[in-house]
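Me: I've got a model open and I'd like to go through the labels people put on its parts. Can you help me check what stands behind each one?

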Amino acid sequence: MNKKLIIVLTVAAALLIVSGCSKEESVPTATPEQVVAVEEGGKQVIEGQLEEQTEQPAPDELASGTVFTNASVHDPSVIFADGMFYVYGSHLAAAKSPDLMNWTLIGTGVVDGNPLIPNVKEEMAEALEWGQTDTFWAGDVIQLADGKYYFYYSVCKGDSPRAAIGLAVSDSPEGPFKDLGMFLKSGMWGQPSEDGTIYDATVHPNAIDPHVFFDKEGVLWMVYGSYSGGIFIMELDPTTGLPLPDQGYGKKLLGKNHVRIEGPYIQYSPETDYYYLFLSFGGLDVNGGYNLRVARSKQPDGPYLDSMGNDLIDAQGPAGSFFDDRAIEPYGVKLVGNFMFRRQPGESGGGVGAGYISPGHNSTYYDEASGKYYNIFHTRFPYRGEQHEIRVHQMFLNEDNWFVMAPHRYAGETIGAYTTEEVAGAYKLVNHGRDISAEVKHSIVVELQADGQLAGELSGSWELSGEHFAAITVDDIAYRGVFIRQYDELTKQDVMAFSVLSEEGVSLWGTAVTAAE
């Protein structure tokens, strides 16, 4: 998740820049007195809201009988255990669900009495003191061979990369977790860092946002990082859950010079034999342009390439820059950003439409039995300020073996075999673009005509192949993905939808225009 971030520039560094030194020259590390703190708006409000959200919301029962019970867990990281899905997030928030649709909050807030760590102020005193904080950032839970659940927590000062990742253990996914201590630290101003060199926030990581996973060979890895020097990966001991020795911070996958990239999560696909690295670009608040992107590799530790063949190791800011979103916009396949499906005249439902604001910091889950892939993330919403909730969407592999995300939240659907007659019709179409901005992409109306032509506010062509594969061509750009029948929470009807992706990494979403019931 995004944090207040320290940006440092010493007088000596400024002189180097003015004199036209090369980018390869090292920049001296600043002391805390030389630091300029840059705060991203909305963070304090977000923290307060999270700690106050302790009551369970009422189920949202919709006209078709579909029921959703929503919960607020920022940066949700998923695990499936004992027939239940659990998500863990920042501020020691956690929730559970039997079906990925109805969520029950387990606990929230770094307060004594939270069932995850009932005596958290005492149990985690060392970590909170190191991070100079009173809260936790994003974490992750995994079950190891001993049957116990290992909670990888992170702490961060907030206005600097003084942070740490630690480990706690429990016999139950619901806790209580007992602290085993911190094992990776960052932000040691003027002191040796984990790799033995003096800590430099432009090249070294901010030690937060861990995700721990087994690769196809059974090797245990941790990918982590946010802003600062980028995203890193290291190998762990599968017995202890701790890093293998002599790795320092591990291997860098991408990032440098404080670009806004964070929340890494890696999903292996046995169908494609690729590892998919999911990331959040931009700032998390309503004005930050948070969006989800993905790249892939044949190896868990990279290199990770996007659909255009760009190596994400090059996704970094120029020397001396910070929060340079323009520098990283060309990288990664953009799955979802700010959007709104506008309600059309005559459609059921209320308001002007529905969509997401700053969706991001996701985890994923692959169900081997059904072959379904799920993306679990938090999002804000149009006209609702900083309020956020968990959302789950199915993902599907297109014919180029890239993931596309279903336009509507998961409601128990399974993709099927469709006919041209079922698919043809009017759709609200959203183009997610490649930008990182607060702009909300509003839908336009297009017609998928039975003769394979695209009409309405766009012209082009479309095709249904196989049982459900979709191909749409607009301005000579080909987009590939799937058609999927889903439940539309806005109109409270089952609708045909599509999600397609171009080689340039741009996603188009469509949902059928419905008649009022």
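**Labels and what backs them**

Reply: Let's start with strand β33 (residues 493–502): 9 of its 10 residues are buried, so the rest of the structure largely encloses this strand. Bear in mind that this is a predicted model.

Me: What makes a residue of β33 count as buried?

Reply: The cut-off is a relative accessible area under 20%. In β33, 9 of the 10 residues are buried, so the strand is described as largely enclosed by the rest of the structure.

Me: How do you know that β32 and β33 are paired?

Reply: Pairing needs at least two bridges found by DSSP. Strand β32 (residues 477–488) is joined to β33 by 10 bridges, and the two run antiparallel. One of the bridge pairs puts Tyr-487 with Asp-494 in β33. The hairpin of β32 and β33 has 4 residues between the strands, and Lys-492 takes a positive phi near 60° there.

Me: And what joins β33 to β34?

Reply: Here there are 5 bridges to strand β34 (residues 507–512), again with the strands running antiparallel. At least two are needed, so the pair qualifies. Val-500 has Leu-508 in β34 as its bridge partner. In this hairpin, too, 4 residues lie between the strands, and Gly-505 has a positive phi near 80°.

Me: Why is Gly-181 called buried?

Reply: Its relative accessibility is 13%, and the limit is under 20%, so Gly-181 counts as buried. You'll find Gly-181 in strand β12. Its C-alpha is 7.2 Å from that of Ala-168, with their positions 13 residues apart in sequence.

Me: What makes the sheet with β12 an open one, and which strands are its edges?

Reply: The order is β9-β10-β11-β12, 4 strands with antiparallel pairing. β9 and β12 (178–186) are the edge strands, since each pairs on one side only. On average, neighbouring strands of this sheet are turned by 20° against each other, direction ignored. As for the pairing itself, β9 and strand β10 (residues 149–156) share 4 bridges in the antiparallel sense, with Val-141 standing opposite Phe-151 in β10.

Me: Which strands are the edges of the β17-β18-β19-β20 sheet?

Reply: That open sheet has 4 strands in antiparallel pairing. Its edges are β17 and β20 (333–336), each pairing on one side only. The twist averages 30° from one strand to the next.

Me: How do you know that β19 and β20 pair?

Reply: Strand β19 (residues 291–297) and β20 have 3 bridges in the antiparallel sense, and at least two are required, so they pass. Val-294 has Val-333 in β20 as its bridge partner.

Me: His-204 is in a loop, so is it buried or exposed?

Reply: Buried: the relative accessible area of His-204 is 7%, and the cut-off is under 20%. The loop in question lies between β12 and β13.

Me: What makes the His-204 and Thr-197 pair a polar contact?

Reply: Their side chains come to 3.2 Å. A polar contact calls for N or O atoms within 3.5 Å, one able to donate a hydrogen and the other to accept it. The distance falls inside that limit, so the label fits.

Me: What makes one space a pocket and another a cavity?

Reply: A cavity is where a 1.4 Å probe fits but cannot get out, whereas a pocket is an open set. The largest pocket holds about 680 Å³ of space. Its lining has 22 residues, with Phe-213, Phe-214, Tyr-265, Gln-267 and Tyr-365 lying nearest the centre. Two or more lining residues come from each of β5 (77–81), β9 (140–143), β13 (211–214), β17 (261–269) and β22 (353–367). By class, that lining has 14 nonpolar, 4 polar and 4 charged residues.

Me: How many cavities are there, and what lines the largest cavity?

Reply: There are 5 cavities of 30 Å³ or more, and the largest cavity has a volume of about 70 Å³. Its lining has 15 residues, of which Ser-77, Gly-139, Pro-210, Pro-264 and His-361 lie nearest the centre. β17 and β22 each give at least two residues to the lining of this cavity. The classes come to 5 nonpolar, 7 polar and 3 charged residues.

Technical notes
Residues numbered from 1 in each chain as written. Heavy atoms only, no water. 1 Å grid on protein atoms, 1.4 Å probe; cavity = no way out; pocket = protein on both sides within 12 Å on 5 of 7 lines; lining within 4 Å. Points joined across faces, edges and corners; volume = space filled by probe spheres on them. Nonpolar A, V, L, I, M, F, W, Y, C, P; charged D, E, K, R; others polar. Axes fitted to C-alpha atoms, helices over the stretch in contact; angles between N-to-C directions. Buried < 20%, exposed > 50% of the residue type's maximum accessible area, 1.4 Å probe, protein only.
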